[in-house]
Amino acid sequence: MPDVVVIGCGISGAATAWELAKSGCSVTLVDRYGPAAMASGWTLAGVRQSGRHPAELPLAMAAVKIWEGLDEELQASTGYTQKGNLRIGLALEDLPALRVIAEEGKAAGLPIEVLADAQSVRDIAPALSPAIAGATWCPTDGHADPDATVNAFINAARRLGVETVYGEAVLSLESRNGRICGVRTTSRTIAADAVVLATGVSGNDLLAPFGSPLPVDVKNVTVVRTRPLPPLLSQVLSVASACNSDAACAGRQQLDGAFRFTSGIKSWGGLMREKDGRPVIAPTVASLLETLQSFGDVVPAVREAEIDAYWCGLVDQTPDALPVLDHIPGVNGLVIARGFSGHGFCLGPLTGRIMAALVQGQAPPFDISAFAFSRFSDLSSPSSSPVTLHG
């Protein structure tokens with residue numbers, strides 16, 4: 001019998017399993033598909049501090065410090081590189097919002113500045129189009145390989161005795177006298193003293209019997225990966241134009257030379273199929289064309305690249321676009337890390353530490369009061385904070 005069952009094998013769940021195992025807990029990690037099968041594999045995999053909500057920024061800054069030594073800790077390559085982030089403004093009307101982002105970052109001690117003309121941006125990233133107005137520049141942001149990172153956490157966790165269970169969906173959470181006592185999967189019951197829900201867009205069916213569903217609006221984003229090109233871009237880019245919502249996009253060049261770039265947030269029709277034991281969501285023709293056009297306008301060289309793959313990823317958007325990192329009220333032994341709203345990848349290593357602390361009844365390493373479940377107790381006037389996708 002494990003001490004803890006972690007449900008969800010993305011970066012948050014894998015990091016949590018590793019942190020718990022390091023502290024001496026026996027852990028079973030369960031996923032209905034396998035490692036990085038959903039959000040953590042679909043993501044752009046930016047490791048970004050800039051442009052964060054003020055409550056989340058200290059966590060992102062602390063997470064980056066972990067990322068800087070993560071390959072050594074995990075004894076494996078995560079593909080992490082720290083070459084900066086440019087948040088692009090396409091028109092002069094976009095610059096005031098960029099200045100606000102820079103001011104908030106500087107107030108928290110983040111190295112960030114506004115580049116107020118196209119040439120100063122292209123001095124850093126020459127592959128960008130001259131038809132831009134400016135950008136914020138944060139040199140300590142970066143990106144990683146999402147699949148390599150999740151598998152590095154899993155392999156490190158396995159070396160510490162973590163059991164991994166793939167291809168089994170969790171059907172229910174078992175409880176007795178207000179306390180978690182295990183989970184029931186499609187093939188068995190696993191007894192445990194605690195459960196961590198790191199399930200992304202899914203999981204509300206498991207919470208429903210406890211009267212504690214998480215308010216998430218599931219959105220999607222179109223992602224394109226090209227075949228490799230020569231080295232052109234080392235930074236992560238994002239574009240959010242106040243003048244043209246269709247121009248929203250984000251992207252980067254992978255270490256292998258392939259470009260990976262995304263659309264902005266779109267509504268999701270709910271259609272998902274499975275192929276080779278993994279979930280697949282296909283973009284519409286309109287969304288794919290829009291994504292190719294938007295990113296090609298910013299990085300013209302990608303127009304000459306061959307497309308290797310394209311897909312849609314799902315986003316678990318909360319009303320305030322912040323995650324929930326908390327105990328579930330009224331159920332001892334049940335904790336949750338969900339609702340990252342498209343920007344949880346960077347936080348993954350720190351999320352693991354926070355979840356491990358909560359499971360063991362310890363104080364988390366940071367103030368997480370802004371991520372409490374209780375903030376959604378009154379949703380009569382939910383906010384509609386924007387979602388950011390590149391980290």
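**Group meeting talk: salt bridges and a few buried residues**

Okay, let's start with a pair of charged residues: Lys 219 and Asp 217 bring their side chains together in a salt bridge, with 3.4 Å from N to O. Before I go on, please keep in mind that what you have in front of you is a predicted model. Now, buried or exposed, what is Lys 219? With a relative accessibility of 17%, Lys 219 counts as buried, because the cut-off for that label is under 20%. Asp 217 comes out at 41%, so that partner counts as partly exposed.

So how many salt bridges are there by this rule? The count comes to 12. I'll pick out two others.

Have a look at Arg 188 and Glu 168. Their side chains also meet in a salt bridge, at 3.4 Å from N to O. This pair links distant parts of the chain, with the two positions 20 residues apart in numbering: Arg 188 sits in the loop between strand S10 (179-185) and strand S11 (189-191), while Glu 168 sits in the loop between strand S8 (163-166) and strand S9 (170-176). On the Arg 188 side we have 34% relative accessibility, which makes that residue partly exposed. Glu 168, on the other hand, is buried, with a relative accessible area of 13%.

Next, go to helix H1, which covers residues 11-22. Both Lys 22 and Glu 19 are in that helix, 3 residues apart, and that is about one turn of the helix. They form a salt bridge too, and here the closest N and O atoms are 3.5 Å apart. Lys 22 is partly exposed at 40% relative accessible area, whereas Glu 19 is buried at 11%. And which residues join them in a network of salt bridges? Glu 73 and Arg 353 are linked with Glu 19 and Lys 22 in that network.

Hold on to Glu 19 for a second, and turn to Ala 356. This alanine is part of helix H10, residues 348-359. Leaving out anything up to four places away in sequence, Ala 356 touches Glu 19 and Leu 20. If you'd like a distance to check on screen, take the C-alpha atoms of Ala 356 and Ser 23: these residues are 333 apart along the chain, yet the two atoms are separated by 8.4 Å. Ala 356 is buried, with a relative accessible area of 5%.

Now for another alanine, Ala 194, in strand S12 (residues 194-197). What does Ala 194 contact, leaving aside neighbours within four places in sequence? The list is Asp 3, Val 4, Val 5, Ile 180, Gly 333 and Val 359. Ala 194 is at 7% relative accessibility and counts as buried. For a C-alpha distance here, try Ser 377: Ala 194 and Ser 377 are 183 residues apart in sequence and 24 Å apart in space.

My last stop is in a loop. Thr 81 is found between helix H4 (70-74) and strand S4 (85-89). Buried or exposed, then, for this loop residue Thr 81? Thr 81 is buried, with a relative accessible area of 12%. Again not counting residues up to four places away in sequence, Thr 81 touches Gly 142, His 143 and Leu 255.

That's my tour, thanks for listening.

Methods:
Residues numbered from 1 in each chain as written. Predicted model: local features only at pLDDT ≥ 70, side-chain atom pairs only at ≥ 80, totals over all residues. Heavy atoms only, no water. Helix = DSSP H or I, 4+ residues; strand = E, 2+ residues; numbered from the N terminus. Buried < 20%, exposed > 50% of the residue type's maximum accessible area, 1.4 Å probe, protein only. Contact = heavy atoms within 4.5 Å. Salt bridge = Lys/Arg side-chain N within 4 Å of Asp/Glu carboxyl O.
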